[in-house]
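Colleague: Please take a close look at a single part of this model, and then relate it to the rest of the chain. I should be grateful for the criterion behind each term as it arises.

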Amino acid sequence: MKNKILSIVVCTAMVLSLTACGKSENPPANQPETSSSSTVSTPNNSKPTSTSTSAASGTPDVSSVTDASSAPAGTPDTSSTPEAHKEVDWSTVPYTDEFDFVVRYSEGGDYLNEFSGAVLSDYLGKEKVINIPPTVGGQKVVSVSIRGNKDITDINIPEGVSKIDSRAFENCTSLESVTIPDSVTEIENKAFSGCSSLTSVNIPGGVGKVGDGAFSGCTSLASINLPDSLAVIDKNAFENCTSLASIDIPDSVTKIDNNAFRECTSLKSITIPGSVTTIGDGWGYVFSGCTSLTSVTILDGVTYISAYAFENCTSLTSVTIPGSVTSIDGGAFENCTSLTNITLPDSMTFIGKAFEGCPNIKVNYKGKEYDYDHLARLQTDINSF
């Protein structure tokens, strides 16, 4: 009898033990596991934030989640950003359909801009025509950058912006029109590079420099107005603007740098003012590959034509070189296959192999005519003095 009772007690204990194990291995369907994660929706279309969930209550643990109610989608994490470089207080900048930019303050002299104010970047909206506000959160807008945007077609920059920063609109391939205010004094490197739909640009008076590659690859650009304030056309400024048929270079320009108009295959004529002392520098390629160029007029004041400056201008038939020119570097007119006559001034002191690949050329210098087969003699006659 005692053995029967003992067996019953042991069996009961085993059943209770197995039941307890089963409960610990199979939580209820509505009880989340401790190690699982869930996604919490945040305001203003912010990126979802991953948070841990309490196994005891099923309530999301938000102790480590940053409040997103004051920041729109795409706002960068500034937890490690120096205080002077943090984003604007978004509570002062409503996130609306009309205002869809990430904004940063610019402390004068910091890495964002040399002028204090608001810097707009990373356009988040869907509008194609953008009117930039003159002020944001009580700060004057001093800079705009929407590089790589493929949707915007028109943008109006407000008065007060003083320069178009480097790569500000680079590769905005749908951009057709831009309004640049009179307050702008400089268009920096690659500002509009690769804007392949841009058809015309009016550069306001006050701009002194068009930067390196500022409009390079703007293949639809057919018209551009250069102001009388312009002093420098930097290297590659209008390179590969294949629709540009004409351009007037004002007398204020003192420097046309290397590759400035290279591969402008629709350009038909050019006049270089006497205020420009050198056409490029070293291996210049300034107008290289302008295959539609027929006429080049160089005004008195220019002293030097760089190497390959007019190389591969295969339609070029007329070149006027003034008495101020003293040096023409090698390859300057190489492969200008339509060029048949050119007169060099008596002022010449150096010439390289400037007319290689010009089989029909006749060069007049100091009353003598040199054909293609006697260009070496021409070099000797000029360079010996």
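Modeller: E188 lies in the loop between β11 (186–187) and β12 (200–202); here strands (E, at least two residues) and helices (H or I, at least four) are DSSP runs, numbered from the N terminus. The model is a predicted one, in which local features need pLDDT of at least 70, side-chain atom pairs count only at pLDDT 80 or more, and totals for chains, interfaces and linings use all residues. Residues are numbered from 1 along each chain as its sequence is written, and side-chain values use heavy atoms, with hydrogens and water left out.

With a relative accessibility of 16%, E188 counts as buried, a term that stands for under 20% relative accessible area, against over 50% for exposed and the range in between for partly exposed (1.4 Å probe, protein chains only). Leaving aside residues up to four places away in sequence, E188 touches K163, I164, D165, S166, G211 and A214, where contact means heavy atoms within 4.5 Å. One of these neighbours, S166, offers its side chain for a polar contact with the side chain of E188, at 3.3 Å. Such a contact is a pair of N or O atoms within 3.5 Å; within protein, one must be able to donate a hydrogen and the other to accept it, and residues adjacent in sequence count only if both atoms are side-chain atoms.

Two further neighbours bring charge to the site. E188 belongs with K163 and D165 to a network of salt bridges, each being a side-chain nitrogen of Lys or Arg within 4 Å of a carboxyl oxygen of Asp or Glu. Side chains of opposite charge can pair when their charged atoms come close. Within the network, K163 and D165 meet at 3.9 Å, N to O, and both of these residues are buried.

How many salt bridges are counted by this rule? The count comes to 7. Another of them joins D234 to K209, with the closest N and O atoms 3.6 Å apart. This pair links distant parts of the chain, 25 residues apart: D234 sits in the loop between β15 (232–233) and β16 (255–256), and K209 in strand β13 (residues 209–210). D234 is buried at 9% relative accessibility, whereas K209 is partly exposed at 29%.

A salt bridge is also found between R377 and D381, whose closest N and O atoms are 3.3 Å apart. These two residues are 4 apart in helix α2 (residues 375–383), which means a separation of about one helical turn. D381, at 12% relative accessibility, is buried, and L375, L378 and I382 are buried in α2 as well. Seen down the axis of α2, the buried residues fall within an arc of 115°, so they line one face of the helix; the arc is that of the directions from the helix axis to the C-beta atoms. Among the elements that cover these residues are β23 (341–344), β24 (350–351), β25 (362–365) and β26 (368–371).

Helix α2 leads on to the nonpolar interior. The largest nonpolar core has 90 residues, and those with the most contacts inside it are F169, F192, F215, F333 and F355. A nonpolar core is a set of buried Ala, Val, Leu, Ile, Met, Phe, Trp, Tyr and Cys residues joined through side-chain atoms within 4.5 Å. The largest share of this core, 3 residues, comes from α2. Returning towards the site in question, F169 touches I164, which is also a neighbour of E188. The other residues that F169 touches include V144, L175, F192 and C195.

Where does the sulfur of C172 stand with respect to the closest cysteine sulfur? It is 5.2 Å from that of C195, too far for a bond. C172 itself is buried, at 1% relative accessible area. The structure as a whole has 0 disulfides, a disulfide being a pair of cysteine sulfur atoms within 2.5 Å.

For the wider setting, the chain contains 2 helices and 26 strands. Of its 385 residues, 42% are buried. Among contacts between residues at least 6 apart in sequence, 32% join residues at least 24 apart.
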